[in-house]
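Trainee: I would like to go through this model with you. Can we take it one question at a time?

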2 protein chains.
Amino acid sequence: YVLALDGETVIGSMAIRMRRPFSLDEKIPNLDAHLPANRNFCEVRLLNIAREHRSGRVLPGMLSVLTDYAIGEKIDGALISATTRQLQLYSHLGFVPFGPLVGTADAPFQPMYLTLEVFRERLRKMSSFPPAARGEVVSLLSGPVAVHDDVRAAFHSPPRSHRSPSFEDEVRDLKARLRALANANHVEILLGSGTLANDAVAAQLALLGGRGIVVSNGEFGERLADHAQRARLDFEHLRFEWGEPIDVARIGNAAWVWLTACETSAGILNDVAAIGALCRENGAKLALDCVSAVGAVPIDLQDVWLATGASGKGLASYPGLSLVFHHDPIGSSDHVPRYLDLGLYARNGVPFTHSSNLVQALNVAVGRVDWSKRFSDICTNGTWLRARLRAAGCSLVGERATPAPHVLTVQVPSHVRSDDVANVLERTGYIICHASGYLRERNWIQICLMGEVARESLPPLVRAIARACR
Amino acid sequence: YVLALDGETVIGSMAIRMRRPFSLDEKIPNLDAHLPANRNFCEVRLLNIAREHRSGRVLPGMLSVLTDYAIGEKIDGALISATTRQLQLYSHLGFVPFGPLVGTADAPFQPMYLTLEVFRERLRKMSSFPPAARGEVVSLLSGPVAVHDDVRAAFHSPPRSHRSPSFEDEVRDLKARLRALANANHVEILLGSGTLANDAVAAQLALLGGRGIVVSNGEFGERLADHAQRARLDFEHLRFEWGEPIDVARIGNAAWVWLTACETSAGILNDVAAIGALCRENGAKLALDCVSAVGAVPIDLQDVWLATGASGKGLASYPGLSLVFHHDPIGSSDHVPRYLDLGLYARNGVPFTHSSNLVQALNVAVGRVDWSKRFSDICTNGTWLRARLRAAGCSLVGERATPAPHVLTVQVPSHVRSDDVANVLERTGYIICHASGYLRERNWIQICLMGEVARESLPPLVRAIARACR
């Protein structure tokens, strides 16, 4: 049985029979002769929808629930006996009439069948349906993100040596694009994750010396403090509650200040402009973790000493490359591990074995996008999604700070497990962040709009989250 | 004109005319009506080969030189007037007869044409030709190497999150295969190059403490000393001449010993077994750079404390992953940069963003190969190639040490530039190592048999190198 509810009122119901004999077997001799061969049909009976909801999405919705269930049971078609007054509606959904009318002269019914493929094809055009009903998956991870076909194609070329002139040209080209995107003077491209890039920044801070400040208001800020501690930096750790805005007035005089531009864990943006102004005033060097900011929100690194980024998040390429932007030229140092020595990268661009596949993909990913438009789309979608989730009763983390348009962290109510919410969403066709330790500990889930996410996929997401958190 | 020489004796010659009118234009009215349309033909005349060389590879060889030249001139076909006694030979090469006989009754000639595609197709079956004549390229780099189609296919799947259970399964699977391959207790898979893995080893040596010994007899051993110095290890640098065998008796008592298993720069294998025995005797920890050894020669890490490897060399996958094998469990340490902290990898396998594409490709690359057979093939090919190069008068580096079967370093004579040799070889279809600073400085070139290299491609390589170094 499938029931449709409006609040606590039943507005639709239907019964599904998975096994023969069906009621139609009694009414139509040799039923199979009318049907496409080699299918496992189920029969839908007692379909009833409250009159005022008949033209809405209740019927397709119930059928979509049926679809999810049927797929699990290896069913790939449905039979109904449709009231002749609604033939048009059923045809619109993809039902095909067959055989003679059944029922009575007063209440005639048309036997109809629907195949799974046709139904999915119809649903594809009905954007109010969750992706799984259309056989699709929408990735709302902070990485890997959905990549464009052009990026995929670029990734697939044969690998080239990191010493080949054509690869060096490509790296130069990519660097120019990245510099333009971030208004940065220099950038180095490392083979590794954002953690590697932040280690490289820690090594530079160690060379700089002086007492600094690591500011944190979430998991990723705390990780910077861990980088700093491991690099044996002399620093104050200025901690704010996770998701609370940074009180800029509490940042004192220091040789350097290090923080996240976007604190992904709480889905907030830190006030980099104000902190940058303070650093200029104090003559402090500013270092920013922009791993989840680059490519998702506009960043201007003109007054930033060092900043990190990654390939597989906002830049919408494959994971595996990380970036260190720098304001000033960097020399090599004998006191830094080779792989972390930005001076070696700055000197010749490609000091170690690289992945030409990842570089080529990132180059296409950065080159193909109109970034102003991308930023504006992400902002519009994120603002819309945040408002709708709030309206649906969801509790968002970091509401007192500046929201990150592309990262929404939701506090799942304590009577529901965040993992369960994620599983429900995954069955609905949405892959979200939930598996990181810091999310699980707090019963948080995270929705990221970093890759190519279509606006139409968001409304069913809101409904699915609200339902799963209920 | 193309001349074929045996020593200083001309054994073959031919003249090529690139532009109309051809001699056949005079003999056959409306010549074009007999020929495939839309082609740029050249005409080969005065073809003459010493009688005793007529059945050998002189003719195809001269035609292959012609091919290289013709392609540059956008020629895609050749015309000849063939002596009727040799019609079978020409047909075998792909020539097609057309039009009437020309010449005299005593010396009749059959006009024939040959298209570039057909000629290449024929050459494909004649393995004694260099790859370029067949439109192919053979990579003899130390990386990236030629990868198998299955590996390419595996690389092309959509990226997965480093926190997804299916990715964790794949990593577990890959680790089991790598452990089995190297007879190692543990292995960690890092996203980065071999340099990263060696940095991670340096960090562990720093945690171990005590005074150690870095042994070097080439570029990569010297790099280990640089790693050690940057990690501020307390160590003696025991240097041997590049390519000279390590005198094991000179390795004294130490807390640890670090060296390369294969010293790629000189194309030699170090006596790891003897040094391992010495370390056991002295209670010293042995660390090995196996970056260019894993997958190319058998290695047994059962008594080795730490060893490094990489994905894009002997394992014949894409570059981008590096490996650290370890004998004992490793704990995390607050004093090591996050990305270099093997304890974090050992604890959960995938601590940071990873590349599921690279992991999947490597898993297939390691899983698909019969490693005993691969090692034996490489050894056979390498031994053969070394002997043939020596016989052809080439001077090989490291001849007093144990040769690495898969890396041959050639000392180019001082009157020739190594870059020029590499360029000649590249035109012949062989891509070799020459661009690294340490090779250029010494006028060395390097031939590596790490990926999928067919035996048939080696004899023409020997001839090409010998010719280019003359």
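The questions below cover a helix pair and a set of strands in this predicted model.

Trainee: Are α2(A) and α4(A) parallel, perpendicular or oblique to each other?
Mentor: Take helix α2 (residues 58-72) of chain A and helix α4 (residues 116-124) of chain A. Their axes come within 12 Å and cross at roughly 135°. Angles over 145 would count as roughly antiparallel, and 65 to 115 as roughly perpendicular. The crossing angle therefore makes α2(A) and α4(A) oblique.

Trainee: Is the crossing of α2(A) and α4(A) left-handed or right-handed, and how many nonpolar residues are in the contact?
Mentor: The crossing is left-handed. α2(A) brings A:Pro60, A:Leu63, A:Ser64, A:Thr67 and A:Ile71, while α4(A) brings A:Leu116, A:Phe119, A:Arg120 and A:Leu123. Among these contact residues, 2 are polar and 1 is charged. The nonpolar ones number 6.

Trainee: Now chain B. Which residue in the turn between β1(B) and β2(B) has a positive phi?
Mentor: Strand β1 (residues 2-6) of chain B pairs with strand β2 (residues 9-17) of chain B, antiparallel, over 5 bridges. The two strands form a hairpin, with 2 residues between them. In that turn, a positive phi of about 65° belongs to B:Gly7.

Trainee: Which residue of β1(B) has B:Gly12 as its bridge partner?
Mentor: B:Gly12 lies in β2(B). Its bridge partner is B:Ala4.

Trainee: What is the bridge partner of B:Ala15 in β3(B)?
Mentor: β2(B) also runs antiparallel to strand β3 (residues 41-49) of chain B. They are joined by 5 bridges. In β3(B), B:Ala15 is partnered by B:Arg45.

Technical notes
Residues are numbered from 1 along each chain as its sequence is written. Chains are lettered from A and ligands numbered from 1 in the order in which they are written. This is a predicted model: local features need pLDDT of at least 70, side-chain atom pairs count only at pLDDT 80 or more; totals for chains, interfaces and linings use all residues. Side-chain values use heavy atoms; hydrogens and water are left out. Axes are lines fitted to C-alpha atoms, for helices over the stretch in contact, and angles run from 0 to 180 degrees between N-to-C directions. Helices (H or I, at least four residues) and strands (E, at least two) are DSSP runs, numbered from the N terminus. Angles under 35 degrees count as roughly parallel, over 145 as roughly antiparallel, 65 to 115 as roughly perpendicular and the rest as oblique. A crossing is left-handed if the near helix is turned anticlockwise from the far one by less than a right angle, and right-handed if clockwise. Contact means heavy atoms within 4.5 Å. Ala, Val, Leu, Ile, Met, Phe, Trp, Tyr, Cys and Pro count as nonpolar, Asp, Glu, Lys and Arg as charged, and the others, Gly among them, as polar. Two strands pair if DSSP finds at least two bridges between them.
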